[in-house]
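Student: Can we go through some of the labels people put on a model like this one? I'd like to see how each gets justified.

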Amino acid sequence: MSKEMLNALDALEAEKGVSKEIVIEALEAALVSAYKRHYGQAQNVEVEFNQKKGDIHVFSVKEVTEEVMDSQLEVSLKDALLLNPAYEIGDKIRFEVTPKDFGRIAAQTAKQVILQRVREAERNIIYNEFSQYEKDILQGIVERQDSRYIYVNLGKIEAVLSKQDQMPNEFYQAHDRIKVYVSRVENTSKGPQVFVSRSHPDLLRRLFEQEVPEVYDGTVEIVSIAREAGDRSKVAVRSNDPNVDPVGTCVGPKGSRVQAIVNELKGENMDIVEWDEDPAIFIANSLNPAEAVDVIFDLDNPKACTVVVPDYQLSLAIGKRGQNARLAAKLTGFKIDIKSETDMEEFYAKLEEGAYIDAADEVEAEVLDEAIVESGLTSDEYETVATETTDEAAAEVTEANASVEASDQPEE
C-alpha cells in the first residue's frame, strides 16, 4: 500500500460520496478474511491502516499464560518476559504477521469485500438522502414500465409507480417528465426502494405549496382534501390572516395559480372552498358550485345531515354519478343527504298530515302485531280480550286501593 492507495480512497470519496473511513474499515476486514483463508486463523488477528503513509500491518494478538495450550492464541510468560519484563499473565501481546504477498486469491477476496462494503455504503447514503424527501414531491423522468410498475428516474435511484398510484387519465411514455409524491422509502435487502404516487391527495397539498407562497408560509392553510385522481378534487382552505382571502389567493390572478396545478394533473377539475368553524356553513360551501338553501342535522347521528338545495340545482349538487356529493362528504367528514326544496315541502306536508308515524309508535305497532300472531286470535278477538283484561286489572287495583284507605281510617 502507498500514497496511490490514499489518492484512490480520496477519489472514491469525492466521486461516490463514500466515506474514506468506511472503505478503510472494509479493507481491514478484507485483509483479515484473506489471512484466514490462507493461514486458517483469524480470530485473534488485528489490522492497522496508516492513513498518512498508506501502509497496512497485520498483527496476531496472543494472551500471556503460564502454560501454552494453543500457540496461535497464547504465548508463555517466559517468552513474554524476554520481550518485556513488565508483562504479566493475562496481558495481550501483538506480533506482526504481515504477509509479504497475499497472492492472487487473497487480493481477489479483498477486492470482493471492499466492493461489497462500498455498495452497502452507497445504499445507505441513497436511503438517507431520499428518506428526507418522504411525504414530499420530486420531479423525475419516466424510463420504462412492466406489468406491475412504471419506473421513474429520480437521479441516483429508480422509483416505482404502482398501478393504484397512477392517474387513470394519464398515459406514461419514456422520457416524460412528471412530478411525483414520495409516499414511502424502504431500506430492503436489495437496496433502498422508493415508492411514488400521482394519485395521493397530499400531492395536491405539495403542488399548492409550490404554486401559492401563502400556503407555503402558512398564511393560508389547507384543512382537508378530497380527491378522485384524474377526475375531480375538492380542497378546503382557511386564512390565518383576516386580510387574506384564502380562496382567491389559491385561485390566483385570472386563475393562473390553480390552472398551473390543473395542467400538471392533466386537466383534473379543482374546487377550492372556504373552511368554516360552523359545520353548516362548511357543508354548504363544500357542495360548490351548487348553492345550499338549508342544512338540517340529524339529531340521532351528529355526523349526518340533510342539505336542501333549489330544485334546478339538485343534479348539480349531486354531481355526475354522485361525485359532487361524495367528495363533499369526504371533505367534511359528514354523511350528506341532498334533497330539493320541493321534496322537503312535501315531506313536511305529509308530516303535518300524520303520514309519518313516530319511530316509537312504529315499534309499538310491530310488538302488538307479534302478540296477536302468537295468541292465535283475530285482531278484534285480541282487542276484546285485552280490553276485558285491562278492565279486570283496573277493578282489582281500585278494590286494593279502597282496602288500603279503609285500613288507614282511625278507630272510633
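Tutor: Sure, let's take a few labels in turn, keeping in mind that this is a predicted model.

Student: Why is Cys 250 called buried?

Tutor: Its relative accessible area is 0%, and buried means under 20%, so Cys 250 qualifies.

Student: What makes Cys 305 count as buried?

Tutor: Cys 305 has 4% relative accessibility; the cut-off is under 20%, so the label holds for Cys 305.

Student: And how many disulfides does a search of the whole structure find?

Tutor: That search turns up 0 disulfides. To count, a pair of cysteine sulfur atoms would have to lie within 2.5 Å.

Student: How do you know that Lys 179 has no salt bridge?

Tutor: Lys 179 sits in strand S8 (residues 177-188) and is buried. The nearest side chain of opposite charge, Glu 211, is 4.8 Å away, while a salt bridge needs the charged atoms within 4 Å, so Glu 211 doesn't make the cut.

Student: Which residues does Lys 179 touch, then?

Tutor: Leaving out residues up to four places away in sequence, its contacts include Leu 138, Arg 198, Leu 207 and Glu 264.

Student: What makes the contact at the start of H9 a polar one?

Tutor: A side-chain oxygen of Asp 278 comes to within 3.1 Å of the backbone nitrogen of Ala 280. The limit for an N or O pair is 3.5 Å, so the distance fits. Ala 280 is also buried, as are Phe 282 and Ile 283 in H9.

Conventions: Residues numbered from 1 in each chain as written. Predicted model: local features only at pLDDT ≥ 70, side-chain atom pairs only at ≥ 80, totals over all residues. Heavy atoms only, no water. Helix = DSSP H or I, 4+ residues; strand = E, 2+ residues; numbered from the N terminus. Buried < 20%, exposed > 50% of the residue type's maximum accessible area, 1.4 Å probe, protein only. Lys, Arg positive; Asp, Glu negative; His and termini not counted. Contact = heavy atoms within 4.5 Å. Polar contact = N/O pair within 3.5 Å; in protein donor to acceptor, adjacent residues only side chain to side chain.
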